[in-house]
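Work through the exercises below with the structure open beside you. Try each task before reading its solution.

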Amino acid sequence: MRIRGLRKNYQVSGRCLEVLKGLDLDLADEGITVVLGRSGCGKTTLLRLIAGLETADWGEIAGGEMTDPGKIGVIFQEPRLMPWLTVEKNILFGVKKKRQDREALSYLLALTGLIGFEKARPFQLSGGMQQRVALARALAYEPDFLLMDEPFAALDYFTRTQMQQELLRIHQKENKGILFVTHSIEEALTLGTKIVILENGICGKSYDLGDVAFPRDLLSEEMLSRKRELILRIEEYCQ
């Protein structure tokens, strides 16, 4: 996916707030690109524009040689499940290929570790389990690309760590391109094959971690060095 010259403004209290200022970004169709930035820097706005939930004031979002970026699956900060539907009905919500529903459901339940919870309703699930359902629902759509808007931010440390490893496992099996936004440096280093810092409305410095194998030891000398470099770069933006 190729993004060029993306601009987005909002009118706030009678003044123009410029959130994205000509942003350029290239997204691999198989890796996990992590956009790292502080709260309010425009990460969610970027995802909403790619997903088509908002319209850019200027710029282009295209998929490789195509003008259309393809089918986009979105996972939000909250699971946003239908509370009156069971797990299986939440997963298949909006799926049109009815003849393939049962086969697809069995695969997704196994993939996301939800076997045995098909008839449960969202209020009966933990936060981590609800996010598994949201992930399965996004995959049921058979997207070409996944957008993930800080989906683990509200989880406790232990559940968040578990979900990060689950995402890596699923990504390895499904091999879909993912754009994952976060304000956590540790999460970016855990998940990213590429890390891009978003600040002042544009994508600044990027870091290629494609040669660093998963799972990653964040306490290793190499990862601590990369963390230090990211912290110093972000501190420069904040000055």
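## Exercise 1: Two loop residues with positive phi

E150 sits in the loop between β6 (145-149) and α5. The model is a predicted one.

Task: Describe the backbone and the accessibility of E150, then do the same for R80.

Solution.
- Step 1. The phi of E150 is near 45 degrees, which is a positive value in a residue other than glycine.
- Step 2. The relative accessible area of E150 is 9%, so E150 is buried. The cut-off needed here is that buried means under 20%.
- Step 3. R80 lies in another part of the chain, in the loop between β5 (72-75) and α2 (87-91). R80 has a positive phi of about 55 degrees and is not a glycine.
- Step 4. The relative accessible area of R80 is 47%, so R80 is partly exposed. Values between the buried limit of under 20% and the exposed limit of over 50% fall in this class.

## Exercise 2: A contact of E150

Task: Find the strand that holds T182, and list what T182 touches beyond its neighbours within four places in sequence.

Solution.
- Step 1. T182 belongs to strand β7 (residues 177-182).
- Step 2. With a relative accessibility of 1%, T182 counts as buried.
- Step 3. Once neighbours within four places in sequence are set aside, the contacts of T182 are V34, V35, L36, G37, K43, E150, R160, E187 and A188. E150 from Exercise 1 is among them.
- Step 4. K43 is also on that list, and K43 is one of the buried residues of helix α1 (residues 43-51). The others in α1 are T45, L46, L47, L49 and I50.
- Step 5. Just after α1, G52 takes a positive phi of about 85 degrees.
- Step 6. T182 and D211 are 29 residues apart in sequence, and their C-alpha atoms are 21 Å apart in space.

## Exercise 3: Sequence distance and space

Task: For T33 and for P122, give the location, the accessibility and one C-alpha distance to a residue elsewhere in the chain.

Solution for T33.
- Step 1. T33 is placed in strand β3 (residues 32-36).
- Step 2. T33 counts as buried, at 2% relative accessibility.
- Step 3. T33 and L209 are 176 residues apart along the chain, while their C-alpha atoms are separated by 9.8 Å.
- Step 4. Leaving aside neighbours within four places in sequence, T33 touches L27, A28, I178, L179, F180, T193, K194 and V196.

Solution for P122.
- Step 1. P122 is in the loop between α3 (101-111) and α4.
- Step 2. P122 has a relative accessible area of 9% and is therefore buried.
- Step 3. P122 and P79 are 43 residues apart in sequence and 9.3 Å apart from C-alpha to C-alpha.
- Step 4. Outside its neighbours within four places in sequence, P122 is in contact with L81, M82, P83, L85, N90 and Q130.

## Exercise 4: How two helices pack

Task: At what angle do the axes of α4 and α5 cross, and which residues meet?

Solution.
- Step 1. The axes of α4 (residues 127-140) and α5 (residues 157-174) come within 11 Å and cross at roughly 20 degrees.
- Step 2. Angles under 35 degrees count as roughly parallel, and α4 and α5 are therefore roughly parallel to each other.
- Step 3. The crossing of α4 past α5 is right-handed.
- Step 4. From α4, the residues G128, Q131, R132, L135 and L139 take part, and they meet T159, Q162, M163, E166, I170 and E174 of α5.
- Step 5. Sorted by class, this contact has four nonpolar, four polar and three charged residues.

## Exercise 5: The nonpolar cores

Task: Which residues of the largest nonpolar core touch the most other members, and which element gives the most to this core?

Solution.
- Step 1. The largest nonpolar core has 45 residues, and V87, I91, F180, I195 and L230 touch the most other members.
- Step 2. Helix α4 gives the most to this core, with eight residues.
- Step 3. Take L230 as a case: beyond its neighbours within four places in sequence, L230 contacts L36, I185, L189, I195, I197 and Y207.
- Step 4. Another core, of 23 residues, lies apart from the largest one and includes C41, F145, L147 and L198.

## Exercise 6: A cis peptide bond

Task: Which two residues does a cis peptide bond join?

Solution.
- Step 1. The cis bond joins F214 and P215, with omega at about -10 degrees.
- Step 2. P215 is in the loop between β9 (202-208) and α7 (221-238).

Conventions: Residues numbered from 1 in each chain as written. Predicted model: local features only at pLDDT ≥ 70, side-chain atom pairs only at ≥ 80, totals over all residues. Heavy atoms only, no water. Axes fitted to C-alpha atoms, helices over the stretch in contact; angles between N-to-C directions. Parallel < 35°, antiparallel > 145°, perpendicular 65-115°, else oblique. Left-handed = near helix turned anticlockwise from the far one by under 90°. Contact = heavy atoms within 4.5 Å. Nonpolar A, V, L, I, M, F, W, Y, C, P; charged D, E, K, R; others polar. Core = buried A, V, L, I, M, F, W, Y, C linked by side-chain atoms within 4.5 Å. Buried < 20%, exposed > 50% of the residue type's maximum accessible area, 1.4 Å probe, protein only.
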